[in-house]
Amino acid sequence: MNLFTHSGIPDSWYIGISNRVRLSRENMSSSSQTVVIEVACGYILAGFSFESEPRLRMDSIVCEMCESKVEQDVVYLQVLKELSALFGKHLIVKPKDWRVLVVEPLLCPNILRDSVVTALLSVFHVQSVAIQPNLYMPILCTPMETGLILHIGEKESIAVAIFDNRPVI
């Protein structure tokens, strides 16, 4: 697994997809192009599945808005604004040509998940959207079905046991 520690980028970014299949931009077919977006508290990490690290880190306020019980319309407009900046200014790709993997916090609010999926499918017309919790990514992107995941974050640490591709709680 490729974990990295660039300044400002936490170790929670897991791009094991690129570890199993090394692809370059030139030999990728249009059906295998995937943008990976990790929504976290205070920032969004984004990049491509064929790269070993995120291309950018962008400040975000959508998680804080969800925690402060803001209406869904306000959250949706902020998600649209941030995704527009992500695709238009930073990644510089046409969203409709890409599949999207959204990596979300384990206890992500439904209002945030619904807003992101609605924006990606209705406004940006991406090919498909897959959503995975950030703690499961080290297991999901490897052939292993069992493991212990320890995430040491900025504010808290979380340990999750995975058995037979399911969390043991």
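In what order do the three strands of the open sheet stand? The order is β6-β7-β8, with antiparallel pairing. Strands pair if DSSP finds at least two bridges between them. Strands (E, at least two residues) and helices (H or I, at least four) are DSSP runs, numbered from the N terminus.

This is a predicted model: local features need pLDDT of at least 70, side-chain atom pairs count only at pLDDT 80 or more, and totals for chains, interfaces and linings use all residues. Residues are numbered from 1 along each chain as its sequence is written, and side-chain values use heavy atoms, without hydrogens and water.

**Stop 1: the sheet.** Select β6 (147–152) and β8 (166–168). Both stand at the edges with a single partner strand, so one side of each has no neighbour in the sheet. Now add β7 (residues 157–163). Three bridges join β7 to β8. Find F163: its bridge partner in β8 is R166.

**Stop 2: the helix.** Select α4 (residues 110–123). Its 14 residues should span 20 Å at 1.5 Å a residue (1.5 Å times one less than the number of residues). The end C-alpha atoms are 19 Å apart, which agrees.

Next, colour L112, S115, V116, A119 and L120, the buried residues of α4. Buried means under 20% relative accessible area (1.4 Å probe, protein chains only). These residues cover an arc of only 120° around the axis, which puts them on the same side of α4. The arc is that of the directions from the helix axis to the C-beta atoms.

**Stop 3: past the helix.** Go to H125, just after α4. H125 takes a positive phi of about 55°.

How values were computed. Buried < 20%, exposed > 50% of the residue type's maximum accessible area, 1.4 Å probe, protein only.
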